[in-house]
Protein chains: 2
Amino acid sequence: MPAHAQTSTAAVVAAGRRLLEERGADALTMRDVADAVGVRAPSLYKRVRSRSDLFRLVLEDVTDELAAASEAAAASGDPVTDLRAIVTGYRAFAHAHPVAYALLAAPHTDGADERARRSSAVLMRAVTALTGTTDALPAARTIVAWANGFLAMELAGAFRLGGDVERAWAFGLDRILAAIQRGDGTG
Amino acid sequence: MPAHAQTSTAAVVAAGRRLLEERGADALTMRDVADAVGVRAPSLYKRVRSRSDLFRLVLEDVTDELAAASEAAAASGDPVTDLRAIVTGYRAFAHAHPVAYALLAAPHTDGADERARRSSAVLMRAVTALTGTTDALPAARTIVAWANGFLAMELAGAFRLGGDVERAWAFGLDRILAAIQRGDGTG
DNA sequence: ACCTGAACACCGTTCAAGT
DNA sequence: ACCTGAACACCGTTCAAGT
């Protein structure tokens, strides 16, 4: 009589994501994930290929959720309003899931391209509406680089020395939104 | 007769940095560092408190070198020229030491503040000359966030999907330098 | 078909014993 | 004073054996 499945890939990924966020990347061990889903560590290998594969699945889950949030945020039809909503959504997501967000900047494994394309599609659409097609790609890379860099530094505590972090965020967002729409041919 | 020292903290840190850059963060093991300096792993604990302490020392070494490069790069006296030189220097450093640079964005331990202040002093001076004191802090955070974010994405391969990365870099740098000097009161 | 304990080759780290 | 081998408590992962 075949043994019944005690868990599922989805449950393993969910447990991994919870452990990652609550106790950090180093605490995401196969034994602790197994404990969380009620099996022994070797059984996890029926669900995931390896620990790094589990890590990849967890980050894909995070990416999917971030993409869905972006899609929901960009609903006004006005490109500047939508871009503000998308980027503000990034920040809210980063604050809600700091460990996972910080890891999204880590080197991608093969196969992450399609997901990256999807997660940036909403932003590309708003940027293209703002700048036209010629500047859209470098403009999108500018705003995403700034947002990711700012949030990475914020999550890492690099702004602890003082000053007003909220003002720095508003300043950067205002200036960059204004800067990418100037069609002065420097791009 | 006391045993003679076979290595030094400097040699341990240098070996750790070499291993980190050549084989990645996971390959920086105490046993491999010990091999590289000609002792056994337990002897390393006479030089560093722990593996994470060694990691911190390695990243401080990297930070010092980056700060020195920035100081050397900012020599023209013109703030825009200096800022371009500093940020271009960040990129050259990131390309030369990709593993270490990617780790500089990681969460800081206590005591890293003074080093962070030193490494950003040159940039703060150029930004202040460009924007005046009122906007200097948010303006500096905007350009550093963009540069760090861009380089993190570049090193992570996030730009593999196509387009001209060099153009995106030039576009972002041009637009941000122009944007932070506009004194329009939005900051 | 999935689950398990035992085992393997690793880790970081400690410590008593050597010189 | 520093170095060492042995040992400890962990890892990820494999695998034969159970149901």
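In the predicted model, DNA strand C is surrounded by 23 residues. The closest of these are Gln6(A) and Ser43(A) from chain A, together with Arg31(B), Tyr45(B) and Arg51(B) from chain B. By residue type, the surface near the strand divides into 11 nonpolar, six polar and six charged residues. On the DNA side, 57% of the atoms of strand C within 4 Å of the protein belong to sugar or phosphate, and the rest belong to bases.

Three of the closest residues also take part in polar contacts with phosphate oxygens of DNA strand C. For Gln6(A), the atom involved is a backbone N or O, which lies 2.7 Å from a phosphate oxygen. Arg51(B) likewise contributes a polar backbone atom, at 2.8 Å from a phosphate oxygen. In Ser43(A), by contrast, an N or O atom of the side chain is placed 3.3 Å from a phosphate oxygen.

Helix α1 of chain A comprises the 15 residues 9-23. At 1.5 Å a residue, this helix should span 21 Å, and its end C-alpha atoms are indeed 21 Å apart, so the expected and computed lengths agree. The buried residues of α1(A) are Val12(A), Val13(A), Ala15(A), Gly16(A), Arg17(A), Leu19(A) and Leu20(A). An α-helix has 3.6 residues a turn, so residues three or four places apart point the same way. The buried residues of α1(A) pack against four helices of chain A, namely α2 (30-37), α3 (51-73), α4 (79-96) and α5 (98-104). After α1(A) comes Gly24(A), which has a positive phi near 95 degrees.

Terms used:
Residues numbered from 1 in each chain as written. Chains lettered and ligands numbered in written order. Predicted model: local features only at pLDDT ≥ 70, side-chain atom pairs only at ≥ 80, totals over all residues. Heavy atoms only, no water. Helix = DSSP H or I, 4+ residues; strand = E, 2+ residues; numbered from the N terminus. Expected span 1.5 Å × (residues − 1). Buried < 20%, exposed > 50% of the residue type's maximum accessible area, 1.4 Å probe, protein only. Contact = heavy atoms within 4.5 Å. Near = heavy atom within 4 Å. Polar contact = N/O pair within 3.5 Å; in protein donor to acceptor, adjacent residues only side chain to side chain. Nonpolar A, V, L, I, M, F, W, Y, C, P; charged D, E, K, R; others polar.
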